[in-house]
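Colleague: Hi, I'm new to this one. Could you pull it up so we can go through it together?
Modeller: Happy to, here it comes.

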Amino acid sequence: MNHFQFKGTELYAEDVALKEIAAKVGTPFYAYSHATLTRHFKAFDDSFASVPHTICYSVKANSTQSVLKTFINLGGGVDIVSGGELYRALKAGVAPRKVVYSGVGKKDDEIEYALNTGIMMFNVESEQELTRISEIASRMVKKAGIAIRVNPDVDPGTHPYITTGLKNAKFGITIDRAMQEYTRAMTLPGIDVIGIDMHIGSQLTKVNPFVDSIEKLKIMIGKLRSQGVDLKYFDCGGGLGIQYNDEEPPLPADYGKEIVAATKDLGMHLIFEPGRNIVGNAGILVSKCLYTKARDEKNFIMIDAGMNDLARPALYGSFHGVLPVVKEQDGMIVADIVGPICESGDFLVKDREVPMFKQGDLMAFTSAGAYGFAMSSSYNSRPRVAEVMIKGDKFEVIRERETIEDLIKGEKIASFLVS
Ligand code: LLP
């Protein structure tokens with residue numbers, strides 16, 4: 001069931017009219033449906049019901065604490081890539097033993113923080129990182145559980161910016177070096193070799209690249225076993241895509257079936273790091289039309305949200321659907337929907353047929369729950385927008401709109417500038 005639906009002429013999130021939220025919190029704002037977040041998490045989780053597994057939601061996709069808490073309440077863990085993400089997840093109440101830590105640039109203080117927290121494992125992305133974790137853990141007289149993120153050199157068939165598993169990508173340790181690193185890891189102090197990890201890219205719309213990568217890693221697991229190294233965890237990463245427009249990604253259940261089939265003879269505990277698949281279509285961005293202008297060749301709809309609020313169209317040329325919050329437009333028009341930022345890349349919709357929005361009309365950009373607010377900035381000194389969560393006929397602000405005072409928080413005018 002889609003929880004963003006029209007009732008009559010008005011767009012609702014669950015049982016709340018978006019118009020009502022806009023009247024209370026102003027625009028722009030992000031809105032998340034609690035029922036959708038829950039349904040998506042459960043659908044993913046249920047796909048692996050037949051095998052031991054942990055869903056470590058990828059915090060980067062949407063790191064707002066109420067979103068994290070929703071999944072933690074459902075038994076989820078988290079995949080983090082920074083000390084900041086660890087802090088957020090802990091504040092939201094995650095069990096430290098359900099935290100996996102990925103990322104190519106873990107700093108000393110972040111490694112220490114994770115070790116003090118007692119996370120499940122580090123997904124190690126380079127030879128030097130492995131050495132560093134060993135040094136820090138030994139100094140702290142702790143054991144760091146590690147998996148090596150193996151770069152399987154498989155093309156996920158997605159946007160180049162979010163392709164991570166090809167051998168020229170910065171991610172992971174290439175498959176030809178990984179065996180050697182496992183052997184070294186076994187000898188290093190402070191290291192507990194417990195898993196193997198992959199993450200090949202994001203917004204994948206086919207299952208084969210996942211399965212192909214798993215097959216490559218299985219060969220390694222076999223070799224390691226023959227050397228007496230028995231890994232407990234197989235972290236399959238994230239990356240399962242969603243429908244933004246006309247994509248046809250596999251359902252989590254179909255993805256699950258194939259992954260389970262490919263891994264079940266290993267008898268390992270599976271870990272998944274889904275982000276977009278769970279939050280992407282659970283969120284929208286609501287904005288207001290400020291002005292319109294028509295030129296001979298082009299129509300522009302200027303709105304109060306920009307590329308600083310939703311960067312994906314500007315960054316990747318990605319598609320987000322747009323719906324009127326109240327259907328009261330006089331027809332359709334081919335237009336660009338643009339923000340107030342002083343850059344030509346500041347568009348949310350380009351040359352598309354959209355409702356003929358007029359001044360004051362509200363609109364909702366769909367599929368904005370993943371990498372929406374999380375990638376927003378205050379560029380052009382625009383306070384970051386509010387976020388709300390809807391549950392049934394209620395909604396709450398889960399992140400206040402920033403104020404202009406927030407914009408200069410932590411700044412100070414250099415003393416030599418003040419006479
Ligand atoms: N695990 C690791 C190690 C990752 O790097 C990522 C995403 C995920 C899991 C979650 O992937 P997902 O399930 O969401 O596909 N900003 C881009 C997406 C960047 C993805 C980065 N890594 C976008 O807006 O499309």
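Colleague: How many residue pairs are in polar contact across the interface of domain 1 and domain 2?
Modeller: The rule finds 9 such pairs. Keep in mind that this is a predicted model.

Colleague: And how many salt bridges across that interface?
Modeller: The count there is 0.

Colleague: Which elements of domain 1 touch domain 2 with two or more residues?
Modeller: Those are α11 (312-316) and β20 (386-391). The largest share of that side, 4 residues, is from β20.

Colleague: Back up a bit, where do the domains run?
Modeller: Domain 1 covers 4-32 + 280-408, and domain 2 covers 34-276. Their centres, taken over C-alpha atoms, are 32 Å apart. Domain 1 puts 22 residues into the contact and domain 2 puts in 21 residues.

Colleague: How much area do they bury between them?
Modeller: About 2,000 Å², with 59% of it on carbon and sulfur atoms. On the domain 1 side, Tyr316, Phe319 and Tyr371 lose the most area to domain 2, together 27% of what that side buries.

Colleague: New topic: how many residues are in the largest nonpolar core?
Modeller: It has 95 residues, and Phe122, Ile146, Ile196, Phe234, Ile337 and Phe365 are those with the most contacts inside it. Helix α8 (residues 208-226) gives the largest share, 7 residues.

Colleague: Why does this core lie between domain 1 and domain 2?
Modeller: Because both domains give residues to it.

Colleague: What is isoleucine 337 in contact with, leaving aside neighbours within four places in sequence?
Modeller: Its contacts include Ile301, Val322, Phe347, Met363 and Phe365. Apart from that big core lies another core, of 20 residues, with Leu18, Val25, Val286 and Val325 among them.

Key: Residues are numbered from 1 along each chain as its sequence is written. This is a predicted model: local features need pLDDT of at least 70, side-chain atom pairs count only at pLDDT 80 or more; totals for chains, interfaces and linings use all residues. Side-chain values use heavy atoms; hydrogens and water are left out. A nonpolar core is a set of buried Ala, Val, Leu, Ile, Met, Phe, Trp, Tyr and Cys residues joined through side-chain atoms within 4.5 Å. Buried means under 20% relative accessible area, exposed over 50%, partly exposed in between (1.4 Å probe, protein chains only). Domain bounds come from an automatic or database domain assignment. Contact means heavy atoms within 4.5 Å. Buried area is the accessible area (1.4 Å probe) that two parts lose on being put together, summed over both. A salt bridge is a side-chain nitrogen of Lys or Arg within 4 Å of a carboxyl oxygen of Asp or Glu. A polar contact is a pair of N or O atoms within 3.5 Å; within protein, one must be able to donate a hydrogen and the other to accept it, and residues adjacent in sequence count only if both atoms are side-chain atoms.
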